[in-house]
Structures are given as C-alpha cells and as structure tokens.
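Let's take a walk through this one together, starting from a single residue and working outwards. Keep the model open as you read.

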Amino acid sequence: MHPLILKYYPDDTPLRRLLIHHSEQVAQKALEIADKHPELQLNRDFLREAAMLHDIGIFLTDAPGIYCHGNQPYLLHGKLGADLMRKEHREDLARVCERHTGTGLTKENIKAQNLPLPLADYVPETLEEQVICYADKFFSKSHPERVRTVQQTVESLKNSNFEFLEKNLYIYTNEFLLQMIQKKTISKYTQKNCFYMGERNTNRFLYKYMDLESAIISLTKGTIRFVEPYTWPDKFEGRFYNASYVQVEGASGNTPPVLACCLTHAPVNEASWKVYSSGKTGIGSRCVQFKINKKAFREAIAKSAKGFALYEGLVNYELDDYNILHLHERYSSVGTEKELFLEFFKDFDLASYLSLLLIKRQAFRHEQELRYFLVPGENEMDLKGDFGAKDLSVCWTDFLEDVKISEDCTDTELVVLTNVLRLQNIMIEPKRQYIYAADEDPITIDSNL
C-alpha cells in the first residue's frame, strides 16, 4: 500500500478498501496501455503511483454513496487531492489529481456550468496525465463491479471536454477500431473472375434504387451502370480513390482504375431515395426500388464484364469523420506511428486498396450498403480517370424479383413503368409504396424523474 494512502486513510474502512480497489483497476489499465504503446515511452512507475493516488482527496467530500462523509462537493475531490499532494511537495501527482476530474475542465466549462472550482484550466497535458484520465473512465467507484468496454469509454470521451482526444485519438480508439475495421481479405467465388472481400455475405436479396427516368432508360437499354469513384459527390467516399499512392510501398500495380456499383440490403432506405432524386423534377423526382437476386445479379455482371474481375464487399461504417480524414497520416501529433495507418498501408496490396474504397461514414450505417467493383485486366491498368462510367449489358429478367415505386408517382408514370417492364418480358407489376423510413407512432416522454 502506498504510504500516502496509509497517511490519509489510516483505518481499514469501506472507503479505504473502495479507494484501493478502484485505484488498482485504474493502475492496471494504465499499465496495459503502456505495454500496448511502447513507442510512447511512458513512465510506468509514475503511472502506477499516479493511478493509486489520483482520487486521494475523496475522503474530504460529501458523497455518502461511496462512504465519503466530508463537507466539500464531490466535484472538488481532484482539487482537494492536488492540495494534499502539494503539501507533500509532489507537484507531478497534484497535476494528475486536479486534471482527471470531468476528463479535463477549462475555464469556459467552469464559468458556463457555474462549477464550484477555482477559475483555471484543468486539462491533462502530459501523456501520463492523459492516460490516467482515460484509464479512469473505464471504472466507477459507485459501481465497482462494472467495467466499460473500449467502445463505451471512447464514446464517453467524445461527449466530454477531452481536448487532447483529437490530437492523440489513435491511442484511445485503436484498441476498439482495430477489432472492427481491418483490411479485408480477398476470397474467390467458384465463378471465374468473381471474388468477395471479408466474410462472405449470405443475404439472398439486394435492392437497387434509381430515379424513374434512369430506371426506364436502364430497363429499355438493358444495362446497369458502373461508375468510377471519383464521380461520387461525397468527399469522404472518393477520398482514397483520388489519393496519390506514390509514397506507399507496394502500391504500384495495386491501385488500378475501378468501376463501382452500389446496392443495399435495406428494403426501406430513406437516404438512398433522397440522394438519387435530389434536385430533380418530373419523372426524375420519382424513385424506383428494384429487388434483385444477389447470386443471379453477380453472375449477370461477371458474364457481361469481359476483361474485368468482379469484387464484392460490404461497406465498413466503423470510422468517424475524424479517423477517415486522418487515416492517410502515418504519424500522430506526438510523432509515433499509428496502428490504424499500418493496418491499411503496411504490406499494401489490392485488398488494402479495395478495403479503403469500402469505408463510409458512420452516419450512413443504416443503408447496409454492398459494393461491387470491376477491376480491369493489365491492358487497361493505366486508364484511371478515363472510364468515368460504363453501362454493362444485362438481361434484367435474370435477376429482377420485384419492383416498387414511390407513392407520389402519377397513374401515367405507373403505366409507363409497367409497359417498359412488359416490353422487356418482365412480368412484374410495379407497386406504389412509401419506401422511406417507416412511420412510427408518436412517442411518449417519461416524466417520472
């Protein structure tokens, strides 16, 4: 037991036992982080000592739920502990005590919330201060049996004033992110030149959304359109297609021109409808949903796309905007190599490249998107930016299962779509349907506080 704990908690009480238990938890987590990040060169001895003493001031506070029967607000426990450590001539420990409360508080926070703290900035600055602050978030003194997951802890930090979080985000999120977002492996279907990425998806049906005008043209011509990702309007989605890979070892020959077609597993997909009909009028503002047999669609595309290999992969929604924007940066703000960068850019190959093209922002997770990529043979590897788009000839009857149209279409538009389907020998009666997010009953706010 640390001598300063014995000094301020001389008796074996429930409070001392709780303090030691919680502090040991924090110390163990802090040392785990030090072990996982040797490149940070953290002071392990100081980490353990600081973890054991970061809550030393709680006995002076009024928090009977955790056996504290002092007379000061609990929010002051960090500042009170800092005062004790300064009496012991330990400024380094005092800084940890006062800077872990609330995962870092600024003058602005104190003013805005009228907090009972001296007006100053209490934000962790050194790496050791930051790690103690982070490790502490996994545990609760009021519920010592509960341990937060990495995901829960990271989310709680994002909602706090953890100002250093964005600077060193990789330290705190990699443990979770590397479980969820990894370079996808490439596996082969039995069909020639057909591959899937990551785990094989067993869903039988997919959905393709088009505005009515595009749907009629596509059905009439018997085509399905693939486009180069540089045409995608979202800056996050074309980011890794438009990037320069000249400094990436192994990138030569593994960043080919790619044509993509996006479908979804979601039969009700509000975002897709709105995106595809955005800014359009007339029949261009009506949306059509095609229900597609996945296996038959893949076979039809592979048959039509001579000279191309077909790759199929589920979109990965695990990265937030910050991580997408900074994924290409090899080093953190403190000069250490980022594991998330290495996951994608070390041993770079075609799987790395296509995995990057499958990254999409978390906000679109509800779309459940599946992407098909056409990668050309060696004779066309230098045509990046020249394809733009390619209409593949397909027989829609081979894979089309059902057709729905947005309920605001007119009777005439419905008849036109029906006739177009019949001219292509597709004996499906399109149905009007509200295909945006399903309506919900009004909610009732629970007022029993």
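Where is the place of S218? Look in helix 10, which spans residues 212-221, and you'll find S218 there. Keep in mind that this is a predicted model. Is S218 buried or exposed? Its relative accessibility is 6%, and buried means under 20%, so S218 counts as buried. As for what S218 touches, leave out anything up to four places away in sequence and you get M210, T223, I224 and W396.

Now zoom out for a moment. The chain has 17 helices and 13 strands. It runs to 449 residues, and buried ones make up 53% of them. Take the contacts between residues at least 6 apart in sequence: 75% of these join residues at least 24 apart. The accessible surface of the chain is about 22,200 Å², with 49% of that belonging to carbon and sulfur atoms.

Back to the strands. Strand 5 covers residues 205-211, and six of its seven residues are buried, so call it mostly covered. Which way does strand 5 pair with strand 8? The sense is antiparallel, over seven bridges, with strand 8 taking in residues 287-293. You can check the register at two places: K208 stands opposite F290 in strand 8, and F205 stands opposite N293 in strand 8.

Strand 8 is mostly covered as well, with six of its seven residues buried. It has another pairing to look at, with strand 12 (residues 400-406). That pairing is antiparallel too, and it has five bridges. To find your bearings there, pick out I292, which stands opposite L400 in strand 12. While you're tracing these strands, remember that side chains in a regular strand alternate between the two faces of the sheet.

Next, a helix. How many of the residues in helix 7 are buried? The count is 10 of its 10 residues. Reading along helix 7, the buried residues are L127, E128, E129, Q130, V131, I132, C133, Y134, A135 and D136, so charged side chains such as E128, E129 and D136 are on the buried list.

Carry on past helix 7 (127-136) and you come to the loop that leads to helix 8 (150-158), which is where E145 sits. E145 has a relative accessible area of 58%, and the cut-off for exposed is over 50%, so E145 is exposed. How far apart are the C-alpha atoms of E145 and H22? They are separated by 9.9 Å, although the two residues are 123 apart along the chain. In helix 8 itself, have a look at Q152. Q152 has a relative accessible area of 44%, which makes it partly exposed. The C-alpha atoms of Q152 and K137 are separated by 9.3 Å, with their positions 15 residues apart along the chain.

Two loop residues deserve a stop for their backbone angles. Most residues other than glycine have a negative phi. Y67, though, has a positive phi, near 70°. You'll find Y67 in the loop between strand 1 (62-63) and strand 2 (68-69), and with a relative accessible area of 44% Y67 is partly exposed. N193 also has a positive phi, near 60°. Its place is in the loop between strand 3 (186-188) and strand 4 (194-197). At a relative accessible area of 37%, N193 is partly exposed.

Finally, the empty space. Rolling a probe the size of a water molecule over the atoms shows where such space is left. The second largest pocket holds about 450 Å³. Which residues lie closest to its centre? They are Q247, V248, E249, F341 and F345, out of 17 residues that line the second largest pocket. By class, that lining has nine nonpolar, three polar and five charged residues. Helix 11 (239-242) and helix 15 (339-345) each supply at least two residues of the lining. The largest share comes from helix 15, with three residues.

Key:
Residues are numbered from 1 along each chain as its sequence is written. This is a predicted model: local features need pLDDT of at least 70, side-chain atom pairs count only at pLDDT 80 or more; totals for chains, interfaces and linings use all residues. Side-chain values use heavy atoms; hydrogens and water are left out. Buried means under 20% relative accessible area, exposed over 50%, partly exposed in between (1.4 Å probe, protein chains only). Helices (H or I, at least four residues) and strands (E, at least two) are DSSP runs, numbered from the N terminus. Two strands pair if DSSP finds at least two bridges between them. Contact means heavy atoms within 4.5 Å. Accessible areas come from the Shrake-Rupley method with a 1.4 Å probe; for residues, only the protein chains shown count as cover. On a 1 Å grid over the protein atoms alone, a cavity is a set of points where a 1.4 Å probe fits but cannot get out, and a pocket is an open set with protein on both sides within 12 Å along at least five of seven lines; lining residues have an atom within 4 Å of a point. Grid points are joined across faces, edges and corners, and a volume is the space filled by probe spheres set on the points.
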